[in-house]
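Reader: Could you take me through this model and explain the reasons behind the labels you use?
Author: Gladly, let us set each value beside its cut-off.

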Amino acid sequence: MSDRPEKFIDENGLRLDGRKLDQIRDVKIEVGVLARADGSCYLEFGKNKVIAAVYGPREVHPRHQQKSTRAIVRYKYNMASFSVEDRKRPGPDRRSTEVSKVSREALEDQVFTEYFPKSAIDIFVEVLQADAGTRTAALNAASVALADAGIPMRGLVSACAFGKVDDTLVVDLNKDEDNYGQADVPIAMTPDGKITLLQMDGHLTPEELKTGLEMAQEGCRQVYEVQRQALMDHYAKMQDETKAPSVEEVVIAEENEVSEDVSTPPEEMKEKVVDESGEEEPEVEKALPEEEDEETVEEPDTEEDDSYE
Ligand code: UDP
């Protein structure tokens, strides 16, 4: 484990990793990275690396968890043993159970679960590399993976933490700031500012909480822009690959079709034979099957074929 830094903010007001107080770490998002999941996302938030997979809506197992009027949302957060400095014991523990619970609650209300009664929407998140803020990184990835799975949602959920180091508020804490700082407040919110997750570790005054929330809200807004752009890029790429026509192309094609219809009669109209009374001559002869010449029809050989003997 690294030692506690002497100070977290230098004389220029910059943090140990060179960021400003209100600057979030770089966010990179790739959508649809897993072929066997209904929706998936790989996300980097600074040095955090997470992958999210969504399955469903699908049948609920075990059955007793099924809800007759809505879908259930399940969320499994797992930190890989190799993702942290000191190897983590594999498997679930109290921390991952807590993170899974609060993250599920942060997303559940945004999903139109009433559209899918008696079904389950399963979200799995694996932390491949951790550098503090893994629950917020995981939530950001899960939200994009849900959208990629085509799950109808009220809005994307975007998450970002704020905290306090050297008596100063900072946004999106890194590992040293998280481990040795005075407070850590992970937050998740919708684009319209509804908070769906708020946890607090440490001590803050009411004024600090208010200011910190505003800083985290701006951080979430920036994350949201990256999430939205990643989804748009993904679907633009898919459209190119499938060569599905764009809306403009469809409109132009329909306009051309209409103008062709007016100028040239359809093929079947040209072929029709019209007699003097103006009625179409029925093509009786063509409709009947050709008569077979009885004399030339060979009777099937009923006698035993001895050619194999
Ligand atoms: N951490 C660790 N081992 C653990 C749990 C956490 O090294 O078993 C580190 C990891 O880098 C994590 C950070 O401590 O990101 C902060 O953990 P916290 O519980 O605050 O959750 P997070 O900030 O990742 O959501």
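Reader: Where is D172 found?
Author: This is a predicted model, and in it D172 is found in the loop between strand 7 and helix 3.

Reader: Why is D172 called buried or exposed?
Author: A residue is buried if 20 or more other C-beta atoms lie within 10 Å of its own. D172 has 30 other C-beta atoms within 10 Å, so D172 is buried.

Reader: And what about its phi?
Author: The phi of D172 is positive, about 55°, although D172 is not a glycine. D167 is another such case, with a positive phi near 60° in a residue other than glycine. D167 is found in the loop between strand 6 (158–165) and strand 7 (168–171).

Reader: What makes D167 buried or exposed?
Author: Here the cut-off for exposed is 12 or fewer neighbours. D167 has 9 C-beta neighbours inside 10 Å, and therefore counts as exposed.

Reader: How do you know which class Y55 belongs to?
Author: Y55 has 18 C-beta neighbours inside 10 Å. Buried needs 20 or more and exposed needs 12 or fewer, so with 18 Y55 counts as partly exposed. Y55 has its place in strand 3 (residues 48–59).

Reader: Which residues is Y55 in contact with, leaving aside neighbours within four places in sequence?
Author: Those are A37, D38 and D122. The C-alpha atoms of Y55 and I123 are separated by 6.6 Å, with their positions 68 residues apart along the chain.

Reader: What makes the peptide bond from G56 to P57 cis or trans?
Author: Its omega is near 0°, and the bond is cis. P57 is found in strand 3. A cis peptide bond also joins H61 and P62, where omega is about 0°; P62 is found in the loop between strand 3 and strand 4 (72–79).

Reader: Let us turn to the helices. Why is helix 1 called oblique to helix 2?
Author: Helix 1 (residues 94–108) and helix 2 pack at an angle of about 45°, with their axes 11 Å apart. Angles under 35 degrees count as roughly parallel and 65 to 115 as roughly perpendicular; about 45° falls in neither range, so helix 1 is oblique to helix 2. Their crossing is right-handed.

Reader: Which residues of helix 1 meet helix 2?
Author: V99, S103, A106 and L107 in helix 1 do, and their partners in helix 2 are R135, A138, L139, A142, S143 and L146. The residues of this contact divide into seven nonpolar, two polar and one charged.

Reader: And why is helix 2 called roughly parallel to helix 4?
Author: The axes of helix 2 and helix 4 (residues 206–242) cross at roughly 30° and come within 11 Å. Angles under 35 degrees count as roughly parallel, so that is the label for helix 2 and helix 4. The contact is made by N140, S143, V144 and A147 of helix 2 with V223, Q227, A230 and L231 of helix 4. Its residues divide into five nonpolar, three polar and no charged.

Reader: Which residues come nearest to the ligand?
Author: Of the 14 residues around the ligand, V84, A130, A132, T134 and R135 come nearest. Two or more residues of this shell are given by each of helix 2 (134–148), helix 3 (175–180) and strand 8 (183–189). The shell divides into four nonpolar, two polar and eight charged residues.

Definitions and conventions
Residues are numbered from 1 along each chain as its sequence is written. This is a predicted model: local features need pLDDT of at least 70, side-chain atom pairs count only at pLDDT 80 or more; totals for chains, interfaces and linings use all residues. A residue is near a molecule or strand if its C-beta atom, placed from the backbone, lies within 6 Å of it. Helices (H or I, at least four residues) and strands (E, at least two) are DSSP runs, numbered from the N terminus. Ala, Val, Leu, Ile, Met, Phe, Trp, Tyr, Cys and Pro count as nonpolar, Asp, Glu, Lys and Arg as charged, and the others, Gly among them, as polar. Two residues are in contact if their C-beta atoms, placed from the backbone, lie within 7 Å. Axes are lines fitted to C-alpha atoms, for helices over the stretch in contact, and angles run from 0 to 180 degrees between N-to-C directions. Angles under 35 degrees count as roughly parallel, over 145 as roughly antiparallel, 65 to 115 as roughly perpendicular and the rest as oblique. A crossing is left-handed if the near helix is turned anticlockwise from the far one by less than a right angle, and right-handed if clockwise.
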